[in-house]
Amino acid sequence: MKTKTILSSILLIFLFSCIQKEPHHYPSFTEMQEPDKGEKTIVSGRISNLHVYPHVKEIKLTIPDLRGAETVFTSPIDSSGMFYFEIYPLITREITLTPVEDIIVVSPGDSLFIEKDFANITHTVFSGNDAELNRHINLFRGSYLGRYHFPYELSYMEYKDTCDMKLQEIREKLTVFQQENGTSETFNNWAEKQIQLDYYSELFQFPFQHYMRTKKTFTEKEVYYGFVEDLKKMVDNSIVMADYFRVMELYNINVLFKGFPETVEPSTQKTLRGILTELMNSSDNDFLVQLSASTWLNNGLNANFTQEIEENIDLMDSVITDPFIRASLQKRFNQVKTYQANPQKYSDAVMGNNSLEISGIGVQPSDLVNVMKHVIEANPNKVLYVDVWAPWCLGCVIEMPHSKTLFDYFADKSVTFVYLCMGGSQEDWQKTIKQFNLSGVHLYLTDKEWQDVMKRFNIKSIPHYLLFDKNGVMVDFGNHLLPSKESTKTAIEKLLEK
């Protein structure tokens with residue numbers, strides 16, 4: 001046994017030294033330094049015929065990133081239609097400019113000027129750096145329909161074959177477009193990545209959708225997932241695509257947590273060292289390995305969990321060495337640590353408790369759909385454990401017996417269990433409540449209410465849980481607060497002691 005342990009340690013040291021291709025001198029993650037910035041990039045432009053959409057008063061620039069770390073800037077549109085942004089990208093990457101363009105590619109040091117006519121929204125004029133690249137992206141996207149709307153009831157290989165034919169059709173359209181427009185290598189690189197990411201995303205999502213509908217066992221995994229090897233070669237830092245982050249999450253679920261979709265191996269059964277070892281054994285693409293690892297770690301950060309990074313800081317500092325990926329993870333780590341230090345500030349912002357302070361006395365914010373504000377007001381001096389769920393969500397329903405057990409444990413304590421149902425029929429909602437004999441506050445949300453909940457609490461998937469202290473401050477949130485976890489019971493007990 002000792003010999004095995006020594007050999008494992010040597011293997012880990014070897015693997016971690018192999019991934020580190022160049023020396024680095026970054027401050028440790030736990031020092032919470034500001035992430036590095038690239039050269040100043042200017043994105044500006046002019047909107048004509050503003051009267052066509054008089055409600056549009058500003059332009060929003062979004063920089064995609066790890067989930068929860070996306071950066072959003074806004075610029076007012078002045079009386080002449082002008083807007084202006086300064087950003088500092090570390091690398092050539094996609095950004096979004098709403099409501100001007102869904103995809104724009106910029107590089108450090110660029111200056112890009114964009115003209116948009118609201119009377120002819122399909123036409124955009126670019127000038128400055130990368131103008132031709134973005135013009136071609138705009139033109140190609142105008143005719144490119146890379147969507148895979150095929151029946152999820154098809155068998156695994158039937159679905160993959162259908163997607164393969166669609167991919168071939170799109171590639172043929174791309175070839176014609178390239179010949180007719182004399183596109184650059186940068187555009188060709190972007191376009192190939194985009195159509196592949198659409199394809200990979202669909203194939204990654206299909207097994208779960210198919211299983212939910214048919215409950216059939218996935219028996220052709222090895223053949224079906226043959227495309228993963230192509231994905232491993234495609235992901236690089238020549239252009240950081242917005243879809244990288246979403247596809248890496250799907251990659252982790254499908255490839256790292258084997259057994260999908262019937263059973264997803266819980267991440268708690270895998271240590272950080274084990275995860276990194278698997279990733280590095282699976283590919284010699286350092287950028288993909290680091291992006292996948294950071295995406296996986298970000299799941300913990302989205303659950304306000306920094307312990308794994310902190311306990312393995314030497315390992316993290318030696319493995320996450322790509323400047324772009326490191327800056328993204330550092331930014332998210334800093335955000336979570338700041339929240340942990342002062343949850344009330346974030347909670348007030350999410351709940352709209354500081355709307356008057358931000359907007360001014362002349363503004364009367366509406367709280368009609370702010371469901372949780374009303375629940376808090378109706379349950380003063382109570383710890384609130386909130387379950388955001390739906391009867392069609394298998395993961396939600398699986399946790400319901402544990403929720404009943406947790407409720408019974410705290411039955412005589414100052415804890416209110418709140419269940420916010422996000423959809424499904426009212427009949428299924430009531431049937432589930434009755435089936436598991438669930439007490440507590442049950443709310444079947446209207447469309448506007450559940451949309452507000454999803455946006456307000458930045459919920460990307462369910463089940464999702466919120467935990468409020470006796471003062472109505474949201475002290476924790478995320479899918480790590482499962483009722484089946486002992487740590488959830490401990491967290492509630494700590495709040496009751498305060």
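**Exercise 1. Salt bridges within a helix**

K173 and E169 both lie in helix α3, four residues apart, about one turn of the helix. Helices here are DSSP runs (H or I, at least four residues) and strands are E runs of at least two, numbered from the N terminus. The model is predicted: local features need pLDDT of at least 70, side-chain atom pairs count only at pLDDT 80 or more, and totals for chains, interfaces and linings use all residues. Residues are numbered from 1 along each chain as its sequence is written, and side-chain values use heavy atoms, with hydrogens and water left out.

Task: find what joins K173 to E169, and which residues share their network.

Solution.
- Apply the criterion: a side-chain nitrogen of Lys or Arg within 4 Å of a carboxyl oxygen of Asp or Glu is a salt bridge.
- The closest N and O atoms of K173 and E169 are 3.7 Å apart, a salt bridge.
- Widen the view: K166, E169 and K173 are linked in a salt-bridge network.
- Check accessibility: buried means under 20% relative accessible area, exposed over 50%, partly exposed in between (1.4 Å probe, protein chains only).
- K173 is partly exposed at 41%, and E169 is partly exposed at 35%.

**Exercise 2. A bridge across the chain**

Task: locate the two ends of the salt bridge between E249 and R67.

Solution.
- The closest N and O atoms of E249 and R67 are 2.9 Å apart.
- E249 sits in helix α7 (residues 243-256), and R67 in the loop between β2 (58-63) and β3 (71-76).
- The pair is 182 residues apart and links distant parts of the chain.
- E249 has a relative accessible area of 21%, partly exposed. R67, at 25%, is also partly exposed.

**Exercise 3. A buried acid**

Task: what surrounds D476, and how far away is the nearest side chain of opposite charge?

Solution.
- Place D476 in strand β13 (residues 474-478).
- D476 is buried and has no salt bridge.
- Count Lys and Arg as positive, Asp and Glu as negative; leave out His and the chain ends. The nearest opposite charge is then K494, 9.9 Å away.
- List contacts (heavy atoms within 4.5 Å). Beyond four places in sequence, D476 touches residues including N304, Y339, Y465 and L481.

**Exercise 4. Two faces of a strand**

Task: sort β4 (residues 82-87) into a covered and an uncovered face.

Solution.
- Side chains in a regular strand alternate between the two faces of the sheet.
- F83, F85 and I87 form the covered face of β4.
- M82, Y84 and E86 form the uncovered face.
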